[in-house]
Amino acid sequence: MATEDRTTEGDRKGRFGRLYKGHEGQYGWLLHRVTGVAIILFLFAHVVDTAVVGWGPDAYNRVASVYHNPFVRLLELGLVAAVLFHSFNGVRITLIDFFPGLTRHARALGVATILLFIGSMIPITWIMGTAIIDLLLES
Amino acid sequence: MATTTDAHPVAPAPGARPPGHGRDRPVRGFELWTWLFMRLSGIALLVLAVGHVLIMHVLDEGVDRVDFAFIQLRWASLFWKSWDWLMLVLALLHGVNGLRVIVLDYVRPAGVRLAINSFFTVLGAALMVLGTIVVVTFDPADWPA
């Protein structure tokens, strides 16, 4: 445990002394995982709720009425955001993987991904958000 | 770049790859094919899933208009039935393989790993069978308005 032997940057800063800050690409990587897990967990449930359509209108409409709830609709907005982020970020990953030369423009591609995501979420949040507010006012 | 186990052969570090962008590209075997599948199915899902989400959840009243009659009308078309079935299969394979990659990173004991991966594989397969049966057997004419 001789402190003078510590040579790496992380050790000099102290093992627990500072908040770990990753490269920005790492946050994209983490968000890709988090959104991916959220989407597949929703999908497991969504296949089952859609399958109820095979039992006719009474059964299916009862399931579909779950969406007539402002909180569920907020989750729905989150789901749309997760799908869009995961898709756009997935395109970025695939482009860099298939065209390694693009690595030089990694930062520009990252910025483009974020702008595309935010740019598409603005109108979507407006559209879905006003529907949620209407639903709140109804009840 | 850290690799999780020796079971995943990776290409020599190209050096040009920026840090923090996940694991290296596998060079052969199952990991190479699933790596490729994730990217190709991802491109297909960019159209199928993003299109689905926009149509069903955002545009034209979104989910407010989705009820049995809406599905009945939609699944009268072989185009939308094929769209939904292809999306079902690709999304489940893409998602279950994604979970497998994550489990490989965070779960070390081999038995627990196998248990979790088996659980999601069986669940994914069962849902693929259920979804396929529903899409294929659904006949809008069975349910007169």
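**Exercise 1.** In this predicted model, determine the handedness of the crossing of H2(A) and H3(B), and then describe how the two helices are placed.

*Solution.* The crossing of H2(A) and H3(B) is left-handed. Helix H2 of chain A covers residues 24–51 and helix H3 of chain B covers residues 78–106, and their axes lie 10 Å apart at an angle of about 135°. That angle makes H2(A) oblique to H3(B), because an angle counts as roughly antiparallel when it is over 145 degrees and as roughly perpendicular from 65 to 115.

**Exercise 2.** Find which residues of H2(A) and H3(B) meet, and sort the residues of this contact by character.

*Solution.* From H2(A) come A:Arg33, A:Gly36, A:Val37, A:Ile39, A:Ile40, A:Leu43 and A:Val47, while H3(B) brings B:Leu88, B:Ala91, B:Leu92, B:Gly95, B:Gly98, B:Leu99 and B:Ile102. Sorted by character, the residues of this contact are 10 nonpolar, three polar and one charged.

**Exercise 3.** Work out which elements build the largest nonpolar core, beginning with the residues that have the most contacts inside it.

*Solution.* The largest nonpolar core has 19 residues, and those with the most contacts inside it are A:Leu43, A:Val80, A:Val83, B:Ala49, B:Val53, B:Ala91 and B:Leu92. Two or more residues each are given to this core by H2 and helix H4 (70–98) of chain A, and by helix H1 (29–58) and H3 of chain B. H3(B) gives the most, with five residues. Leaving aside neighbours within four places in sequence, A:Leu43 is in contact with B:Ala91, B:Leu92 and B:Gly95. Apart from this core lies another, of seven residues, among them A:Tyr60, A:Ala64, B:Phe68 and B:Val134.

Note on methods
Residues numbered from 1 in each chain as written. Chains lettered and ligands numbered in written order. Predicted model: local features only at pLDDT ≥ 70, side-chain atom pairs only at ≥ 80, totals over all residues. Axes fitted to C-alpha atoms, helices over the stretch in contact; angles between N-to-C directions. Helix = DSSP H or I, 4+ residues; strand = E, 2+ residues; numbered from the N terminus. Parallel < 35°, antiparallel > 145°, perpendicular 65-115°, else oblique. Left-handed = near helix turned anticlockwise from the far one by under 90°. Contact = placed C-beta atoms within 7 Å. Nonpolar A, V, L, I, M, F, W, Y, C, P; charged D, E, K, R; others polar. Core = buried A, V, L, I, M, F, W, Y, C linked by C-beta atoms within 7 Å. Buried ≥ 20, exposed ≤ 12 C-beta atoms within 10 Å, placed from the backbone.
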